[in-house]
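User: I would like to go through this model and ask, step by step, what the terms used for it rest on. Please set each value against its cut-off before you conclude.

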Amino acid sequence: MILVTGATGHVGGELVRRLAAAGEPVRAMARRPAEARLPEGVEAVYGDADDPASLDAAFAGASGAFLMSAQGVGTAPGPTHDLALASAAARAGARRVVKLSVLDGGAGSDVISRWHAEAEAAVTDPSRGFAWTLLRPGRFMSNALQWAGRLRSGDEVSTPFADRPAASIDPADVAEIAALALTTGEHAGTAYELSGPQSLTPADELAILAEVLGRDLRLRPVPDEAARTGMSQYGFPPEVVDAIMQRTVESDRGAEVLPTVEKVLGRRARTFAEWAREHAGEFGTR
Ligand SMILES: NC(=O)c1ccc[n+]([C@@H]2O[C@H](COP(=O)([O-])OP(=O)(O)OC[C@H]3O[C@@H](n4cnc5c(N)ncnc54)[C@H](OP(=O)(O)O)[C@@H]3O)[C@@H](O)[C@H]2O)c1
């Protein structure tokens, strides 16, 4: 049985659907399992990375596990959720473990890199005995859903870093690679840096979404300093805000189109237009 954490999320949800459709025994972990919308036959189990005692029951009997953490960098002294999930997988005797990380993982020296280095090491540590695969995607196309609320009642969104390009990836492509790694022995010991097929700014993505929805949508850019203030007010620690600003404004790394999806899946990565067509209903009908 494969235990999927983040089973209500963008990657985990798609992974559960894929594994279930392939007839793989799968258990979906969620903090509110009764509310989780899952394919028929999929077992839902309570588990909260903030409640390590819940994890042994959730992971019991798992031969494989998909691990993701939604814990914000800097909200704890270290990536306690990642550590708790990896420990639970090891105690359960899981062998194949796929961890969702971020582009570049722990490379670099800022607070974000240090956090992800520790989180990845919890899985790659040889003493765990995992046949591990690390997935390191850049920006998700599904981040565009943060516009959905505004676009259900209006035609304008405000966005920081509106002119900064990124080669965003469809989480469904990440899930497809996770499913392969969990069901075949062929991707063990590999860290995959992942991107989508085009480098687009948020303004470009909104223009594509407008075309797909057949609407006239407008973007109001949020100045960098206002973005910085917003993150601080939202509770991001100062060194995390600095690292996000540095990575987003001064680095072009996330804009690079990488060949990994095509190499691993044998087909090109899904485009933003394809993602937008599939998710058009989530932006309302106006
Ligand atoms: N968004 C991006 O651009 C991007 C880029 C690269 C990597 N990533 C990685 O992708 C992951 C998040 O993706 P997302 O932002 O798109 O989120 P998401 O898919 O919306 O997923 C959030 C998931 O986290 C689960 N979760 C939240 N708190 C939890 C807890 N205490 N214990 C167990 N599960 C918990 C939620 O499950 P329940 O609420 O059902 O419990 C939900 O399934 C992160 O690991 C992030 O580093 C994201």
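Analyst: Let us begin with helix H7, in which Pro-202, Glu-205, Leu-206, Ile-208, Leu-209, Ala-210 and Leu-213 are buried. The model is a predicted one, and the values discussed here are computed from it.

User: What covers the buried residues of H7?

Analyst: The cover includes helix H5 (148–153), strand S7, strand S9 (218–222) and helix H11 (272–279), where contact requires heavy atoms within 4.5 Å.

User: How do you know that the span of H7 agrees with what is expected at 1.5 Å a residue?

Analyst: H7 runs over residues 202–213, and its twelve residues should span 16 Å at that rise; the end C-alpha atoms are 16 Å apart, so the two values agree. Just after this helix, Gly-214 takes a positive phi of about 65 degrees.

User: Why is Phe-161 called buried or exposed?

Analyst: Buried is the term for a relative accessible area under 20%, and Phe-161, at 13% relative accessibility, therefore counts as buried. Phe-161 lies in the loop between S7 and helix H6.

User: What makes the phi of Phe-161 worth a remark?

Analyst: Phe-161 has a positive phi of about 55 degrees, although it is not a glycine. Most residues other than glycine have a negative phi, which is why a positive value is pointed out.

User: Where does Asp-104 lie, and why is it called partly exposed?

Analyst: Asp-104 lies in the loop between strand S5 (96–100) and helix H4. Its relative accessible area is 24%, and since buried means under 20% and exposed means over 50%, Asp-104 falls in between and is therefore partly exposed. Asp-104 also has a positive phi, near 75 degrees, and is a residue other than glycine.

User: What places Ser-168 among the buried residues, and which residues is it in contact with?

Analyst: Its relative accessible area is 2%, and because the limit for buried is under 20%, Ser-168 is buried. Ser-168 lies in the loop between S7 (156–160) and H6 (171–183). Leaving aside neighbours within four places in sequence, Ser-168 is in contact with Arg-139, Phe-140, Met-141, Gly-196, Pro-197, Gln-198 and Glu-205; of these, Glu-205 is also one of the buried residues of H7.

User: Why is Gly-254 called partly exposed?

Analyst: Gly-254 has 30% relative accessibility, and as the term covers what is neither under 20% nor over 50%, it counts as partly exposed. Gly-254 lies in the loop between helix H9 and helix H10 (260–265). Beyond its neighbours within four places in sequence, Gly-254 is in contact with Leu-103, Ala-166 and Ala-167; Ala-167 is 87 residues away in sequence, yet 6.2 Å away in space, C-alpha to C-alpha.

User: Which residues of H9 are buried, and what covers them?

Analyst: Val-240, Val-241, Ala-243, Ile-244 and Met-245 are buried in H9, and what covers the buried residues includes H4 (111–124) and helix H8 (224–233).

User: What makes the pairing of Asp-48 with the ligand a polar contact?

Analyst: An N or O atom in the side chain of Asp-48 is 2.8 Å from a nitrogen atom of the ligand, and because a polar contact is a pair of N or O atoms within 3.5 Å, the pair qualifies. Backbone N or O atoms also take part: one of Ala-49 lies 2.9 Å from a ligand nitrogen, and one of Ser-69 lies 2.7 Å from a ligand oxygen. Taken alone the ligand exposes 900 Å², of which the protein buries 77%.

Key
Residues numbered from 1 in each chain as written. Predicted model: local features only at pLDDT ≥ 70, side-chain atom pairs only at ≥ 80, totals over all residues. Heavy atoms only, no water. Polar contact = N/O pair within 3.5 Å; in protein donor to acceptor, adjacent residues only side chain to side chain. Areas by Shrake-Rupley, 256 points an atom, 1.4 Å probe, with all protein chains shown as cover. Buried < 20%, exposed > 50% of the residue type's maximum accessible area, 1.4 Å probe, protein only. Helix = DSSP H or I, 4+ residues; strand = E, 2+ residues; numbered from the N terminus. Expected span 1.5 Å × (residues − 1).
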